[in-house]
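Colleague: Please take one part of this model and examine it closely. I should like a connected account that sets it beside other interior features.

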Amino acid sequence: MSVKYGCVCFAVPKKMLRHFANTSQDEDREMLMEQLQHSSQLRGQRGAASSRKVVATKRGAKILHRQVFDAQGRTFLPGKILRDEDDPPSHDQIANQAYDNIGIALQFFANVLGRDSVDGKGMRIDASVHYGYSFANAMWTGEQMLVGDGDGKHVTNLAGSLGIIAHEFSHGISQHMVKGGLGVVQVPGQPPTLKGEAGALNESFSDVCASMIKQWHAGEEVQAASWLLGEDILAPQAGKAIRSLKDPGNTRMTWPEDDQIKDYKRFKITDDAHKASGIANHAFYLAAMKLGGRSWETLGPVWFKGFDRLRARATFLDAAHATLIVAATLHGKGSETHEAVKSAWKKVNVLA
Ligand SMILES: [Zn+2]
């Protein structure tokens, strides 16, 4: 049996779940620790679920093709169908939220970046809501999206968060874009993980796309944007956001143990992908701010086409070069865009 790609990214990073567990009492603590454990097992089980057929359909000009399922509080995928494309809204509001937010992500990639679904060939997007018991996470499994209901005390509203759904959707995009998966390390018998610089670039691609999708949907220019992710899923006592692209690692903007870095000089090969992603996130933020206006128009195509050139083991320097090549091709060498991209990668110390 061939080894299947398994996405290894949960919306709420392990470090954050552990922090929630450590600051919780007895039962809640136990439940969150179990969920941490479960995420590792789930990642190890990819092969078993992958026999399910992924349908790629020729749909002409049709952009939207979605199915939302009810996992009914269990962990079997996909579960019972709740809403097919073109069905009227379901009685289940969580399912409708997931359906709508996936639709926004599909439309963004198709209309703004010219990509037809995650595989570029109009693949139907399946999502299972009500995954697990009080499951405080969402994930792209490599084949579909799964969304928990949250534990209510720290994490809520995962399906209702455009940023979270768009982030996970974008993992599907990079999975198909970069052969073998950007930074995905597969060790037989172990769950796949995102490693090194490429793994951090994978995470960053999802954060950058999610930020653009939020801004595009709100019609928001870069000056007005919050540049936060996950600000709409956290209970007040849990924190303000999962990440900030404006100032990675600023705990006053995010959560108490946010350790994201924004300087390549601080990067260590053992860094978690969610930590080191701050470097490329911040580079995108800096370039977008320099250009002003609408990020998805000024910088979106440059970043997207740049990352499309990357290979599975790409470095930050590769990403800098790739985005610079695309900036020069689209806007000209020495253009405002080319200069903005160059100065951003310099500021985070990827370029000398
Ligand atoms: Zn992710």
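**Helix 9 and the interior**

Modeller: Helix 9 (residues 300–308) is largely enclosed by the rest of the structure, because seven of its nine residues are buried. Buried means under 20% relative accessible area, exposed means over 50%, and partly exposed lies in between (1.4 Å probe, protein chains only). The buried residues of helix 9 are Gly 300, Pro 301, Val 302, Trp 303, Phe 304, Gly 306 and Phe 307. Helices are DSSP runs (H or I, at least four residues), numbered from the N terminus.

The model is predicted: local features need pLDDT of at least 70 and side-chain atom pairs pLDDT 80 or more, whereas totals for chains, interfaces and linings use all residues. Residues are numbered from 1 along each chain as its sequence is written, and side-chain values use heavy atoms, without hydrogens or water.

A charged residue is also buried: Lys 275, in helix 7 (residues 273–291), has a relative accessible area of 18%. Beyond its neighbours within four places in sequence, Lys 275 is in contact (heavy atoms within 4.5 Å) with Asp 259, Gln 260, Ile 261 and Lys 268.

Empty space is found as well, with two cavities of 30 Å³ or more. A cavity is a set of points on a 1 Å grid over the protein atoms alone where a 1.4 Å probe fits but cannot get out, and lining residues have an atom within 4 Å of a point. Domain 1 (14–184) and domain 2 (193–347) both give residues to the lining of the largest cavity, so this cavity lies between them. Helix 5 (residues 162–177) gives the most to that lining, with three residues.

Technical notes: On a 1 Å grid over the protein atoms alone, a cavity is a set of points where a 1.4 Å probe fits but cannot get out, and a pocket is an open set with protein on both sides within 12 Å along at least five of seven lines; lining residues have an atom within 4 Å of a point. Grid points are joined across faces, edges and corners, and a volume is the space filled by probe spheres set on the points. Helices (H or I, at least four residues) and strands (E, at least two) are DSSP runs, numbered from the N terminus. Domain bounds come from an automatic or database domain assignment.
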